[in-house]
Amino acid sequence: MFQTAAGVTVPYPEKLSEQYLRDGNTITANLSFEKLSDFIHAFYAELDEPLFLAVHPDAEADEVWYLDGMTKKQLTMILDGYGELLCQDGLSAFAIGSLTTEEELFVQKYKVLSIYSETVERFEPLLRQFDVEKTPNLVTAWDTFSEAHPGSAERLEVAGQTVPDMIRELCRIGMYKG
């Protein structure tokens, strides 16, 4: 059964499947929540350093915070500390990518994934490794919403911290507002 993040409510999760749609240089995908962290780690393992993390504390707003110039080891340390918060929180969105190749994984609101790359087909084996099938008609969380049955997203606290708390802490090591 398809699982969503704790901070996300989708009215009809049974309509969602682990699938992806490729359109030009972008792949849009649904991935069940229990696989999200492992997929993120596997994705950036394939990227060229230096790496960046971009955090949108409110996915509906223009505010973006960046931490860049990282090695894979540094990003792993940050995600070991804050990855669960980023993945569980319903209001935020975040991206991880390579400053060299500009390849990026964007974990959008409702945890819909977008992968961008000039050679995006190179990530299709990774999706298949996580049992995500290609489809010509992807149904995302947004497609399940209606006026009578809207989705919802909420700010979560994980281990006593929220995404804004995380940003304040990461500013100490160079996170900056874009």
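These are my notebook entries on helix 1, the strands around Glu103 and the salt bridges of a predicted model.

**Entry 1: helix 1**

I began with helix 1, residues 36-45, and looked up its buried residues, which are Leu36, Phe39, Ile40, Ala42, Phe43 and Tyr44. I then asked what covers these buried residues, and found that the cover includes strand 4 (51-56), helix 2 (72-88), strand 6 (93-98), strand 7 (104-107), strand 8 (113-116) and helix 3 (124-129).

**Entry 2: strands 6, 7 and 8**

I turned next to strand 7, and noted that strand 6 and strand 7 run antiparallel and are joined by four bridges, with Ala95 having Phe106 of strand 7 as its bridge partner. The two strands form a hairpin with five residues between them, and in that turn Glu102 has a positive phi of about 65°.

On the strand 8 side I again found an antiparallel arrangement, with four bridges joining strand 7 to strand 8, and here Leu105 stands opposite Ile115 of strand 8. This hairpin has five residues between its strands, and Tyr110 takes a positive phi near 65° in it.

Which residues of strand 7 lie on its covered face, and which on the uncovered one? I recorded Leu105 and Val107 on the covered face, with Glu104 and Phe106 on the uncovered face. I set beside this the general rule that side chains in a regular strand alternate between the two faces of the sheet.

**Entry 3: Glu103**

Is Glu103, in the loop between strand 6 and strand 7, buried or exposed? I found a relative accessibility of 5% for Glu103, and because the limit for buried is under 20%, this residue counts as buried.

I then looked up the polar contacts of the Glu103 side chain, and found one with the side chain of Thr101 at 3.1 Å and another with the side chain of Ser117 at 2.6 Å. Leaving out residues up to four places away in sequence, I listed what Glu103 touches: Leu47, Ile96, Gly97, Ser98, Tyr116, Ser117, Thr119, Arg122 and Phe123.

**Entry 4: salt bridges**

How many salt bridges does the model hold? I obtained a count of nine, and I followed up some of the pairs.

Arg22 forms a salt bridge with Glu121, with 3.5 Å between the closest N and O atoms. Arg22 lies in strand 2 (residues 19-23) and Glu121 in the loop between strand 8 and helix 3, so this pair ties together parts that are 99 residues apart in sequence. I noted that Arg22 is partly exposed at 33% relative accessible area, and that Glu121 is also partly exposed, at 36%.

Arg122, which I had met as a contact of Glu103, forms a salt bridge with Glu46 through their side chains, at 3.8 Å from N to O. This pair links distant parts of the chain, 76 residues apart, with Arg122 in the loop between strand 8 and helix 3 and Glu46 in the loop between helix 1 and strand 4. I found a relative accessible area of 31% for Arg122, which is partly exposed, and likewise 31% for Glu46, also partly exposed.

Glu124 forms a salt bridge with Lys134, with the closest N and O atoms 3.4 Å apart. Glu124 lies in helix 3 and Lys134 in strand 9 (residues 133-134), so the pair ties together parts ten residues apart in sequence. Here I noted that Glu124 is buried at 8% relative accessible area, whereas Lys134 counts as exposed at 51%.

Finally, I recorded that Arg22, Glu121, Glu124 and Lys134 are linked in a network of salt bridges.

Conventions. Residues numbered from 1 in each chain as written. Predicted model: local features only at pLDDT ≥ 70, side-chain atom pairs only at ≥ 80, totals over all residues. Heavy atoms only, no water. Buried < 20%, exposed > 50% of the residue type's maximum accessible area, 1.4 Å probe, protein only. Contact = heavy atoms within 4.5 Å. Polar contact = N/O pair within 3.5 Å; in protein donor to acceptor, adjacent residues only side chain to side chain. Pairing = 2+ DSSP bridges. Salt bridge = Lys/Arg side-chain N within 4 Å of Asp/Glu carboxyl O.
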